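Let's take a walk through this model together, one region at a time. Have the sequence and the 3D view open as you read.

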Amino acid sequence: MGKDVIIACDFASAQATYDFLDKFTEEKPFVKIGMELFYAAGPEIVKEIKKRGHKIFLDLKLHDIPNTVKKSMAVLSSLDVDICNLHAGGGIDMMKGALEGLTRPDGTRPLLIAVTMLTSLDQDRITNQLLIKEPITDVVMKYASNAKQAGLDGVVCSPLEAGKVHDICGRDFFTVTPGIRFADGDVGDQQRVTTPAKAKEIGSDYIVVGRPITAAEDPVAAYRRCVSEFVD
Ligand code: C5P
């Protein structure tokens with residue numbers, strides 16, 4: 001699994017996304033398309049960005065009964081994206097159904113990763129709202145091992161959890177980690193952040209970086225800085 005920087009293209013329209021990507025004349029960054037952009041611009045934007053030569057992480061976080069997720073994943077697989085995801089909270093049968101749906105007739109499929117616990121949830125919320133009494137780290141690790149047991153390729157998690165996920169699920173089970181900020185940058189609404197260099201040290205395989213690149217005065221320079229801290 002090669003390390004890479006994934007840019008979170010959290011734009012409200014297809015045009016804003018193309019304007020942003022047009023700034024990259026020398027490299028073709030791996031991009032993440034999330035719910036906002038997919039709901040606004042539809043599958044066409046996935047096809048267009050793929051045609052431009054980018055790898056795509058389609059971050060739609062599916063969570064439904066196994067049959068519905070299986071059939072929906074089959075549709076996403078036909079878009080030829082590189083990584084898809086779902087919520088591990090849907091259970092092992094749902095994750096297995098997703099894998100079946102993603103697998104194309106020729107046996108190939110996009111990588112599939114699970115969101116363990118959203119980083120917007122903390123111990124107080126999972127205890128008092130979801131009535132989950134275990135420590136949040138134990139829940140994250142259990143959900144990661146469920147994902148591994150179902151045959152998934154990895155998880156989305158906090159960079160601070162990436163090392164422990166690898167200890168429990170193995171080095172080849174990959175970790176995709178948002179919550180990245182430069183040492184001298186704004187933290188914004190993220191609670192627990194690390195720098196690209198620190199994420200590399202802890203063992204993240206992919207970092208997802210949004211505003212530190214998309215809102216930078218020079219996005220291409222900010223992207224290159226991420227790559228040089230995290231990959232090189
Ligand atoms: O702008 P920023 O770097 O904070 O963007 C991070 C991206 O990663 C956003 O698209 C956000 O939705 C996503 N993400 C996250 N935390 C999670 C899961 C996804 O920040 N636990």
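## Helix H8 and its surroundings

Within helix H8 (residues 159-169), the buried residues are Pro159, Glu161, Ala162, Gly163, Val165, His166 and Cys169. Keep in mind that this is a predicted model. The cover over the buried residues of H8 includes helix H7 (136-150), strand S6 (154-156), strand S7 (174-177) and helix H9 (196-202).

Both ends of H8 are worth a look. At the N-terminal end, Ser158 acts as the cap, with a side-chain oxygen 3.0 Å from the backbone nitrogen of Leu160. After H8 comes Gly170, which has a positive phi, near 100 degrees.

## Strand S8 and its partners

Now turn to strand S8 (residues 206-209). In a regular strand, side chains point alternately to the two faces of the sheet. S8 is covered on both faces: Tyr206 and Val208 are buried on one side, and Ile207 and Val209 are buried on the other.

S8 runs parallel to S7, and two bridges join them. Here Val176 has Tyr206 of S8 as its bridge partner. S8 also pairs with strand S1 in the parallel sense, over four bridges. On that side, Asp4 has Tyr206 as its bridge partner in S8, while Val5 stands opposite Ile207.

## Strand S1 and the β-α-β unit

Strand S1 (residues 4-8) is mostly covered, with four of its five residues buried. Besides S8, S1 pairs with strand S2 (residues 30-34), again in the parallel sense, over three bridges. In this pairing, Ala8 stands opposite Lys32 of S2.

How are S1 and S2 linked with helix H1 (residues 14-21), and what is the handedness of the unit? S1, H1 and S2 form a β-α-β unit that is right-handed.

## Around the ligand

Several residues from the strands described above turn up again around the ligand. Its surroundings consist of Ala8, Asp10, Lys32, Thr119, Pro178, Arg181, Gln190, Val208, Val209, Gly210, Arg211 and Pro212. Ala8 and Lys32, which stand opposite each other in the pairing of S1 with S2, are both in this group. So too are Val208 and Val209, two of the buried residues of S8.

Which side chains bring an N or O atom to 2.7 Å, 2.9 Å or 2.8 Å from an oxygen atom of the ligand? For the side chain of Asp10, the distance is 2.7 Å. For the side chain of Lys32, it is 2.9 Å, and for that of Arg181, it is 2.8 Å. Of the 470 Å² of accessible area that the ligand has on its own, the protein covers 82%.

## Two loop residues with positive phi

Finally, take a look at two loop residues. Asp80 is not a glycine, yet its phi is positive, at about 65 degrees. Asp80 sits in the loop between helix H4 (66-77) and strand S4 (83-87). Is Asp80 buried, partly exposed or exposed? Asp80 has a relative accessible area of 41%, so it counts as partly exposed.

Leu131 likewise is not a glycine, and its phi is positive, at about 60 degrees. You will find Leu131 in the loop between helix H6 (123-128) and H7. Is Leu131 buried or exposed? Leu131 counts as exposed because its relative accessibility is 59%, and the cut-off for exposed is over 50%.

Technical notes. Residues are numbered from 1 along each chain as its sequence is written. This is a predicted model: local features need pLDDT of at least 70, side-chain atom pairs count only at pLDDT 80 or more; totals for chains, interfaces and linings use all residues. Side-chain values use heavy atoms; hydrogens and water are left out. Buried means under 20% relative accessible area, exposed over 50%, partly exposed in between (1.4 Å probe, protein chains only). Two strands pair if DSSP finds at least two bridges between them. A crossover is right-handed if, with the strands pointing away from the viewer, the path from the first strand over the helix to the second runs clockwise. A residue is near a molecule or strand if one of its heavy atoms lies within 4 Å of it. A polar contact is a pair of N or O atoms within 3.5 Å; within protein, one must be able to donate a hydrogen and the other to accept it, and residues adjacent in sequence count only if both atoms are side-chain atoms. Accessible areas come from the Shrake-Rupley method with a 1.4 Å probe; for residues, only the protein chains shown count as cover. Contact means heavy atoms within 4.5 Å.
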